[in-house]
Structure formats: structure tokens, C-alpha cells
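Okay, everyone, thanks for coming. Let me put the structure up, and then I'll walk you through a few backbone oddities and one helix.

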Amino acid sequence: MNLTNYRAISLLTSFLKVSEKALFNRLIAHFNTNKLLVGNQFGFRKGIATEDAIFKLKDETLNALNKNKKMAGSIFCDLEKAFDSVNHDILLSKLLYYGINGKAKLLLESYLQNRYQRVQVTNSYSNSNTVSEWTKIKCGVPQGSILGLLLFLVYINDLPKAIEHKALPILFADDTSVLLMSPNNTQMQSDFNIIFEQLIKWFKSNLFFFNSGKTYFIQFTKKSTCTSDIQITYEDKQISIVNETKFLGLFINNNLSWKTHNECIKTKLSSACYAVRSVKPFLTINTLKMIYYSYFHSVMIYGLLFWGNSPHSIQNFRLQKKIIRIMAGCRYRDSCRKLFINLEILPLPSQYIFSVLMFMIRNRSQFLVNSEIHHINIRQHANFHQPSVNVAKYQKGVYFLGVKVFSALPSDIKTEFNNPKKFKVVLQKFLYEKSFYSLEEYFRLQKC
């Protein structure tokens, strides 16, 4: 057990939570109204999720490989105890820069300074507590507080401006990745050295501790195997070049195949099947559905719009059919299609279609309609524009497949696209009734 992996969580009084919430609402309104938070930051912001950050990384990578036939690589940085390393003086100066002055600044200064904390460790075996002495907090934002997350976003808000002229930074709170596109290896090596030097300079000037041992570089490629010649060093230590790494809960590899991620969740889904089988004799079908959604569905749908069309996802679809048979008390080879319909549970391919279309409706501004590109009144003028394909891997991306999936929808569902709530209802009803087992089956519907 490594004690450095643990962080102190602030236990706040009810009055302080209410006060923090009021202050948070005023601050976030100021930053949103004046558009002060950078678009590269996806963490802890209303209406923005991890899927948006992952989409940005994957879509930009595929665009680079498809349109410009460039090379693409990314550094996934690790910061040690980022939330605990926030310097109060630097944070207050940044708040002042963003227009937080007068009494508001004095209030935040009082909030940050002269805070004390202690740690209590409970021994469950001896039913005793060990308590440390009170210690003054010299840096960091209170973790577990309402205001702490926003203050951290403000602190790291100027990081993208230090490097965005050369690369694309993608932030989710302290998870920092930097994507770079270059025409060749030589240029990429040169650009990465410049960017990395600027990145380290920003970390040091803001008193962050860069962990080179947990920082990785991936060079994305169209091929299944590729060796990278890029070398990035920090204090005479070379940054590890890997073929895959974990980013916001998903395993991303250099050829974007999602094989490792599917293998990872396969283990979790198998455990859920065993758990449901164990309790099945004692529970009703409604209770079993609750367990299914808690332990199986929640694992299956995370990041599904990225890996759901991968050939490796078929093994997890088989596990979904297995757990449906267990819940319904059916035999191993019994058909599941009617079971999915009766239980009102979407098969994995149908859930993938639902996830992709709901992502499109949440990010409507990122998808162009044919009528927005040209004014010729063609049959497909109301559909989203399908980009040209130069690389086969691009066809597996969310953007390309999302447009293709939308085009195959029945026209009565398409007309509800500008009404998100109604679109969601009619789409779910359609997918429950059809219970598609594959994308091919879904696209065949359009031809009928």
C-alpha cells in the first residue's frame, strides 16, 4: 500500500456547502458569460463529459491521417498531486487577471488562506481512531469541496495558450494530453521537442511537479504495427514510447483498434454475469434488471460510441446475450431477440446506434448539414455531410459512422432531430422494436 496515492478529503459543514454553492454560481456565471474558460478544458463543466475529450482526441487524429495524410502523435502527461500543488498566490493573481477583484477577491483569499487540516485513520478491527495534529495548508485547493474544482480549472486555464500555436492540448482537469500533427518524423521530432520544453516551462512556473515516469508518448498509425523513432527526454530521462495507454478510462492504442479495452471490460462483464446467476433464484425479474443496469450496463455503455463498432466488441455482445438468458431463465442456445424486446433492453449494436445519435444531438454544431455546404436542392440536402475517405480506418470513426447512421434513420425520426427530448423518445421506441443485432442489419433497413 502506497500512502502517497491517498488524498485528504475536506469534510465541510452544511452552512459552508451552501455558502460555497452560492459563490460557485456567481463565479461560473462570470466565467461563462465572458467566455473565459478555454475550449480545450473538458473537465467538470456543465454539459461536457469525458466522451467529448476522447472524441476530440480521436477525431483530430483520424482527420490528420485521413485528410492531410499527416503523422499524429500524443503525449499523455502525469502531474503529481496536481490539486494539492496549487499555489495560492499564483491562483489569486490569475483570478485578478480574469476580473475577480474587490470584495470577491478578498472573500476567495480568506477562503484559501489560514486553513488547517488533520487526518483521522479508523482501525475497523480494534474500533479505534488515530488522529494527526492540526497542520496549516500552505497550498492546494480543498478536495471534496464545491469550489475547489472550479478554482483548479482557473489555475490551469492558461496552459493551452502556452502551446496551442504548435499543438492541440486536450485537458480534463489535471489529465493533460497534447496532440501534434506533422508531415514527417523529422518535423514531428523537432516540434515535440519545442512543445515539450514549453510545457515543462509552464509546469515549473506554476509549481506543478511533472512525473516523467508516468508520462507516455504514442505515435498513431494506419498500420497494425509500427515502431516510432521519436525521442523525447526530460532531465536526461527518456519519455516512454508505448503502443497503448489509459486515457479517461479507455485503453487507447496506436492503431485505434480498441482490442485491449474490449478485453478489459470483458472481465468485468463476466463477473456481472456470475453475480446475476448467483442471485437469480431469489429475485424478481424487475430486481434483476436493476442489478443488470448497475453492474453490467453501466460498464458496457461507457465509451461505447468509440469501441462499439470494433470487431472485438462481438465478445462483449455475446456476454450481454448470456446475461439476458440468465435473467430470463433460458437455455444457452435460445434466441435472445424476443427477450431483448420483452425486457426493453437494447442489444449492444442498438445501444451503439443510440449512443452515437445522442452524441450527435448534444454536439450538433460539430456536424455540417449538406444544405450548409451548398445550396443545391438535392435529395440528401437535409442529411449531414458525409466527408470523403482516404483511409479505411476513418470509416470507423464516430463522425463518419454517425453521419451514416443518421442518414439511415426513417424520415419520421429525422424530423424530430431539432427536438432533443422527443427525438430521444422516438429513437428509443424504434430501437426497442427493431432490436438490431448489427450495423449491417440496421443499414439494410434503409434499402427496404
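So, look at the loop between β2 (79-80) and α3: that's where you find K81. Keep in mind that this is a predicted model. K81 isn't a glycine, yet its phi is positive, near 50°. Is K81 buried or exposed? Neither, really: its relative accessibility is 40%, so we call K81 partly exposed.

Now hop over to K35, in the loop between α1 and α2 (50-66). K35 isn't a glycine either, and its phi is positive too, about 50°. How exposed is K35? Its relative accessibility is 74%, and since exposed means over 50%, K35 counts as exposed.

Okay, on to the helix, α4. Which residues of α4, running over 102-112, are buried? Those are L108, Y111 and L112. If you look down the axis of α4, the buried residues sit within an arc of 90°, so they line one face of the helix. Here's a handy bit of background: an α-helix has 3.6 residues a turn, so residues three or four places apart point the same way.

And what's covering that buried side? The cover for the buried residues of α4 includes α1 (14-33), α3 (88-97) and α5 (148-155). Now spin the view around. On the face of α4 turned away from the buried side, you'll see the exposed residues K103, L106 and S110.

One last stop: just after α4 comes N114, with a positive phi of about 60°.

That's my tour, so over to you.

How values were computed:
Residues are numbered from 1 along each chain as its sequence is written. This is a predicted model: local features need pLDDT of at least 70, side-chain atom pairs count only at pLDDT 80 or more; totals for chains, interfaces and linings use all residues. Side-chain values use heavy atoms; hydrogens and water are left out. Buried means under 20% relative accessible area, exposed over 50%, partly exposed in between (1.4 Å probe, protein chains only). Helices (H or I, at least four residues) and strands (E, at least two) are DSSP runs, numbered from the N terminus. The arc is that of the directions from the helix axis to the C-beta atoms. Contact means heavy atoms within 4.5 Å.
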